[in-house]
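Thanks for sending this one over. I have put my comments together as a short set of numbered points, to be read with the model open.

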Amino acid sequence: MSCKSVYFDHGATTFTRPEVLAEMLPYFGQMYGNPSSIYKLAKSSKYAIDNARSTIAELINADSKEIYFTGSGSEGDNWALKGVMYASTKGNHIITTSIEHHAILHTCKYLEKEGYKVTYLPVDEYGRVNPKDVEAAITDKTVLISVMFANNEIGTIQPIKEIGEIARRHGVYFHTDAVQAAGHIPIDVEDMNIDILTMSAHKFNGPKGVGALYIKKGVKMYNLIEGGSQERKRRAGTENVPGIVGMAKALKMSCEHMEEVNKNLIRMRDRIIKEVTENIPYVKLNGHPTQRLPGNVNLSFKYIEGESLLLFLDINNICASSGSACTSGSLDPSHVLLAIGLPHGIAHGSLRLSLGYENTDDDIDYLFTVLPGIVDRLRQMSPLYEEVLKGDKGE
Amino acid sequence: MEYTQKVLDHFTNPRNVGEIEDANGVGEVGNAKCGDIMKMYLKISDDDIITDVKFKTYGCGAAIATSSVATEMIKGKSVDEALRLKNSEVVEELGGLPSAKIHCSVLAEEAIKKAIGDYYTRKGIFVEEQKCCCCENDGACKCHQEPEEE
């Protein structure tokens, strides 16, 4: 067997671009000063953060005073939800969707325990939220609408601008978890009526452990982390200077190359979807056929279970992920796959391949040499497939 | 805890996969909803010796590995010996399982018991209903109901 290694899990994380790492390194070394200190050594750190902040602001059409650095996407999501709700005197109601990341859903569950009310909107078979449902759910107690920009599992892109317009019209804050979208598809917070937006650097070839929250000027937010006066007194803690520098560089590079990279990613994505669904029986594409992240493929292979598929792919040095229960750490398969209406049995057999700019057609060719055999092998072992072959459950 | 080498070995090279056309004891446990189904086929001789055993499993790596190793552990054994096989012995034989996967070994034990139950039923011998692996209820629970899909 070939010892080639192929990484198809960019939705989980990405490697740090060499150019990004190069920009970060001096801030671990000679420029280690605390940005809050007064001497010259510290000034270089302070300038680096200021520059990074304006770079990121510009890339999403925000003002640099509206960008706050965080430690992760999850922190950003927690801050957005708790921060807005705790600061609100208007009401106690949040509108979100049933397919959000756990950083949103678990925060909502936490807030519910504290007495807040949450509406979890359903999605259609492609994972799209209907803006009309959003509008219909608004009450005079609604403070915040939180809808993810693009889904991490099935890649479906939400009608963000329409939802933003509705929120604006009703005087409700609009937050979007753009962790999967930032650096991958265009974001314009002004045009899209976004009040708060979460991003995370390691999803776009930046370093891990750093993220940012865009908070529109005037949005009332409670502080999650109290302490020093960093981040305009809204998020204490000595700044992760190398991380912040790396995040800005990574977002800049991702946005600069976005158009050409996406053209190629969409072509490769659609090639995988076409060839797999044409050549392997009983496969279903999850998510929207076109309104999906350029690098996202999510397929369900009926009659087999996702973890065993991942293990065999790993044996063949292919990195991917699944929404099966065995990989989610719970008894149920992915809440996203259940929300788009997949029966448990089919949700267990899902495979997410998330492509990045360094993937090539050779990687896909290699996938095709390996995948059909693995699927067939697991099906030959499966009592469910045995029933299909005997016609008991044939379609 | 990650999978042991032995689990990976049984997962990648499962022993006794398949069906036995003239099996005289067949047992299936689990359901697609939970993500695991194990089906055991036994060929039992007149003097109650398991002369052949095959399995088919839908499930994770641990489900496939426990099925495989369990078939090895009961092949050539008497029905009584096979009935005494405990899931903990299956786990031990594999060098351990992650705690979230222990239920796979329970399924393997249950599948064997169910297949032997089927053998007894075919012979006209009444066997007591087995307890559910998930809730310990006597067959009245909903843990392993057929999924309502498709």
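Below are some notes on two sheets and two asparagines.

1. A reminder before we start: this is a predicted model. Please read the values that follow as computed from the predicted coordinates.

2. Let me begin with chain B, where 3 strands make an open antiparallel sheet in the order 1-2-3. Its edges are strand 1 (25-31) and strand 3 (50-58) of chain B, and each of these pairs on one side only. From one strand to the next, the twist averages 10°.

3. Within that sheet, strand 1 of chain B runs antiparallel to strand 2 (residues 36-44) of chain B, and 7 bridges join the two. If you would like a specific pair to look at, try Asn31(B), whose bridge partner in strand 2 of chain B is Asp36(B).

4. What lies across strand 1 and strand 2 of chain B? The element to display is helix 5 (residues 102-122) of chain B, which runs at about 145° to strand 1 of chain B.

5. Chain A also offers an open sheet of 3 strands, here in the order 9-10-12 and with antiparallel pairing. Strand 9 (283-285) and strand 12 (350-354) of chain A are the edge strands, each pairing on one side only. The twist in this sheet averages 25° from one strand to the next.

6. Strand 10 (residues 296-301) of chain A pairs with strand 12 of chain A through 5 bridges, in the antiparallel sense. A handy pair for checking the register is Val297(A) and its bridge partner in strand 12 of chain A, Leu353(A).

7. Now to the backbone of chain A. Asn61(A) has a phi near 60°, which is a positive value in a residue other than glycine. You will find Asn61(A) in the loop that links helix 2 (40-59) with strand 2 (67-70) of chain A. Is Asn61(A) buried, exposed or partly exposed? With 15 other C-beta atoms within 10 Å, Asn61(A) counts as partly exposed, because the cut-off for buried is 20 or more and that for exposed is 12 or fewer.

8. Asn205(A) makes a good companion to that point: its phi is near 65°, again a positive value in a residue other than glycine. Asn205(A) sits in the loop between strand 7 (196-200) and strand 8 (211-215) of chain A. There are 26 other C-beta atoms within 10 Å of Asn205(A), so this asparagine is classed as buried.

Terms used
Residues numbered from 1 in each chain as written. Chains lettered and ligands numbered in written order. Predicted model: local features only at pLDDT ≥ 70, side-chain atom pairs only at ≥ 80, totals over all residues. Helix = DSSP H or I, 4+ residues; strand = E, 2+ residues; numbered from the N terminus. Pairing = 2+ DSSP bridges. Axes fitted to C-alpha atoms, helices over the stretch in contact; angles between N-to-C directions. Contact = placed C-beta atoms within 7 Å.
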